[in-house]
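I opened a new notebook page for this entry and set down what I looked up, in the order in which I took it up.

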Protein chains: 2
Amino acid sequence: MEEIKELLQQDNLAGCKAYLENWLPSELAELIVESDDAERAFVFKSIDRERAFETFESLDVNLQKSLLDVLPSRQVQLILNDMSPDDRTALLEEIDPELLNRLLKLLTPKERAIALSLLGYPENSIGRLMTPDYIAIRKHWSVRYVLDYIRENGENSETLNIIYIVDERGHLIDDIKVAEILLADLNTPIEKLIDGKYTALSVTDDEEVAIGVFKKLNRVALPVVNSSQTLLGIITIDDVLQLAEEETTEDIQKLGGVEALEEPYMEMPLPKLLRKRAPWLIILFIGEMFTASAMSFFENEIERAVVLALFIPLIVSSGGNSGSQAATLIIRALALGEVTLKDWWRVIRREIVSGLILGLILGVIGFLRVAAWATFTNIYGPHWMLIGITIGITLVGVCTWGTVMGSMLPIVLKRFGADPATSSAPFIATLVDVTGLVIYFSIAATILSGTLL
Amino acid sequence: MEEIKELLQQDNLAGCKAYLENWLPSELAELIVESDDAERAFVFKSIDRERAFETFESLDVNLQKSLLDVLPSRQVQLILNDMSPDDRTALLEEIDPELLNRLLKLLTPKERAIALSLLGYPENSIGRLMTPDYIAIRKHWSVRYVLDYIRENGENSETLNIIYIVDERGHLIDDIKVAEILLADLNTPIEKLIDGKYTALSVTDDEEVAIGVFKKLNRVALPVVNSSQTLLGIITIDDVLQLAEEETTEDIQKLGGVEALEEPYMEMPLPKLLRKRAPWLIILFIGEMFTASAMSFFENEIERAVVLALFIPLIVSSGGNSGSQAATLIIRALALGEVTLKDWWRVIRREIVSGLILGLILGVIGFLRVAAWATFTNIYGPHWMLIGITIGITLVGVCTWGTVMGSMLPIVLKRFGADPATSSAPFIATLVDVTGLVIYFSIAATILSGTLL
């Protein structure tokens, strides 16, 4: 880092070239992340075309975008033309239309056609994710011929790990691991190796479908076809991995009561970050206002027995916590497919029992707390036993209620086509707070009427 | 499903064989999941050895374990011997020692040696994850010879997508994509294709290291070496994918305030599920008890101005919510490596500003709420303006405090070697609740003294 700074100040390009000669693209990428714009341009000027492209491709899209402005357009042109179509599409989708047009002009006519056709599919569709660089062979070819064909034509393929077999109209017949070709006798016709059993993705499907299929099938690449089974491209596992990670990040952020950031936390400008955080916080705040309304109904009770107010945070938070637990478990189980909508009845039965038992545990602890304090101080007055019972029973009620709400809300959201992760811990807590107060004061009114109330 | 039941009742094995003849292993696996033990044994009896093994291997470890009891031991033997060593190790690790010994005896001497050597590495180490089934070649071989060698020896390799080059003592020299071999002229010596730049995993490293390297490097397999660079095995991406998903699930569950389940929700017996949920709920409950203690300090204030009690849930939840947001964002950013420990100063500056702005927004809304109600009702009395100001200022303080705590706690936990995900939404909320109350009543005492208090 310091070395680059110094070489840049001396404008010593040859020195920088020598210094970076043996760096791997992954090391260069780390260097780029830590550099400023001038240093970045200098580093890219100092490395050969192939490493420049490999380094660029391993950076994240936001950094790639900012490099487009920093690098000389000749270099941008070389890099863009070298990039694999799927990674390029991911980049082109991110930039604004004017720059997009400028960049598309830098592409060779062939690459431009590919880019445009890839950009023609709806956003988040499998069509955007696929690459047209694959090897397609015919079933009457021999293994020997296929190996020769790959040697001649495989140069730009995204992967040679899986080979595709198509008929004369380009319809997909089968896919086959290159391992099978490598293990077969050279004179074997491909026909003998195929079993016609393959899984293809549809070009218009959502990319989430691809994630699901990859997780299930344990393949490094999958073919993409249109409605008439014509092979259009392939999707490789590295792109899906990245996508799956982004989706998980969105889920986790939603669980924390934030809108999905869609950008790394550190790189996000503060105003944009706040726009992602404020709406949910405001919605939750407005929801939570109902607690004030609920409590004003019970103002008289509180006035007569201020001691009741002392336990409010304890009780509402217990409902919220048990609800968060249940919601988190169910949301993740839904995401992994361990729980489906039709399991709702089994889930609710389990969760009612869980809520009752967990509530009972907390209720006993709560009662003991009141009893212990009452033994050594006079804080709860002569009716401490009734207060303890009120707290105990309320905790059973609130925990059960929180658990049931927390487990059912994700299922209900999913049932109506919404994202279950929206029922985040804060959301459940807010929902349970209002009802928790009503449960608390109703039980208190019943048990304490005639004594404290 | 119904068909299997019927065939089983008729004990019609031939019928079942015919019925299942064209089923893919993935379809069979789904059938197995939905079947009971008797049906499972019947299905396995009806399918050929290869599909039996493929179906078995695609099931999850818990189901595999239960099948070990259901299937005849001859079939268990065939399946275990066919399994890839890494998947077998994953299974053997799960079962109790007595059954483990029984199963190890079912293995051929060669497979047993492999299993034992794999089981010799510490749990969660890369050694447990690796498979010794790979192709190793020598650098003076020609491409033609390598292709012949693969054809002869590649049958049992876990992957042929990457080929390893070792020296005469078995030390790793390089790894090379099979694509490069396929694209090279048949007479090229391997030497010409290698660049000596490879990334190897250390056999004693934790498996989390493997996840990180795979995410960064975009490879389908990585070599595993010991301290003297001897190639011991390889790790393939499918095993790492599964592992990464399990780690994410654990993170998400911790974020929801539950211990990591380590088993699918639906398959977990209720008592075990409760043992994962109760401890955190109890810890949080005990933590939250301090709210009752904190409030008893302010009992006099509440008695004099019950109206203050009405806003308690609103205020503590706002602190908790802003803390949850910050904690979730930072925990995920830490997990993805977007934020590192040395960024703490940048994070705290951002979060103080964020907390102040978010608090100001909520404070204004809170003030307006009090003002609006005061206009139409007499609920807040003549001093409604002072109450509104108290609420507004408190919200600014509580949100800022919650945001700072939420963002710093994960970093502090990580600094001391703990898992940042432990600072879950419920945990932060509990922590902020107690301090939130102190902030609230201190501000109230300052502003309202002489009027309401």
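**Contact between the chains**

I began with the interface of this predicted model, where the contact takes 87 residues from chain A and 88 residues from chain B. Sorting by class the side of chain A that touches chain B, I noted 52 nonpolar, 20 polar and 15 charged residues.

**Symmetry**

I then looked up how the two copies are related, and found that chain A can be laid on chain B with an RMSD of 0.2 Å by a turn of 180 degrees, together with a shift of 0.1 Å along the axis. I recorded this as the relation of a two-fold axis. The same surface serves both copies, since 100% of the contact residues of chain A recur in chain B.

**Confidence**

Before going further I checked the scores: chain A averages a pLDDT of 85, and 98% of its residues score at least 70. For the complex, the predictor gives an ipTM of 0.70 and a pTM of 0.71.

**Domains**

For chain A I wrote down a division into domain 1 (2-120), domain 2 (136-244) and domain 3 (265-448). Between the C-alpha centres of domain 2 of chain A and domain 3 of chain A I noted a separation of 52 Å.

**Nonpolar cores**

Which residues touch the most other members of the largest nonpolar core? In this core of 129 residues they are A:A309, A:I330 and A:I428, together with B:A309, B:I330 and B:I428. Apart from it lies another core, of 68 residues, and among its members I listed A:V146, A:L201, A:V240 and B:L201.

I followed A:I428 further and, leaving aside its neighbours within four places in sequence, found it in contact with A:G320, A:G323, A:S324 and A:A327, as well as with A:M405, A:G406, A:L409 and A:S423.

**A:Q75**

My last entry concerns A:Q75, which I located in helix 7 (residues 73-82) of chain A. Is A:Q75 buried, exposed or partly exposed? I entered A:Q75 as partly exposed, because 18 other C-beta atoms lie within 10 Å, whereas a buried residue would need 20 or more and an exposed one would have 12 or fewer.

Leaving aside the neighbours within four places in sequence, I found A:Q75 in contact with A:F44 and A:A52. A:F44 is 31 residues away from A:Q75 along the chain, yet I noted that their C-alpha atoms are separated by 8.5 Å.

Notes:
Residues numbered from 1 in each chain as written. Chains lettered and ligands numbered in written order. Predicted model: local features only at pLDDT ≥ 70, side-chain atom pairs only at ≥ 80, totals over all residues. Least-squares fit on C-alpha atoms with pLDDT ≥ 70 in both. Contact = placed C-beta atoms within 7 Å. pLDDT = per-residue confidence, 0-100. Nonpolar A, V, L, I, M, F, W, Y, C, P; charged D, E, K, R; others polar. Core = buried A, V, L, I, M, F, W, Y, C linked by C-beta atoms within 7 Å. Domains from an automatic or database assignment. Helix = DSSP H or I, 4+ residues; strand = E, 2+ residues; numbered from the N terminus.
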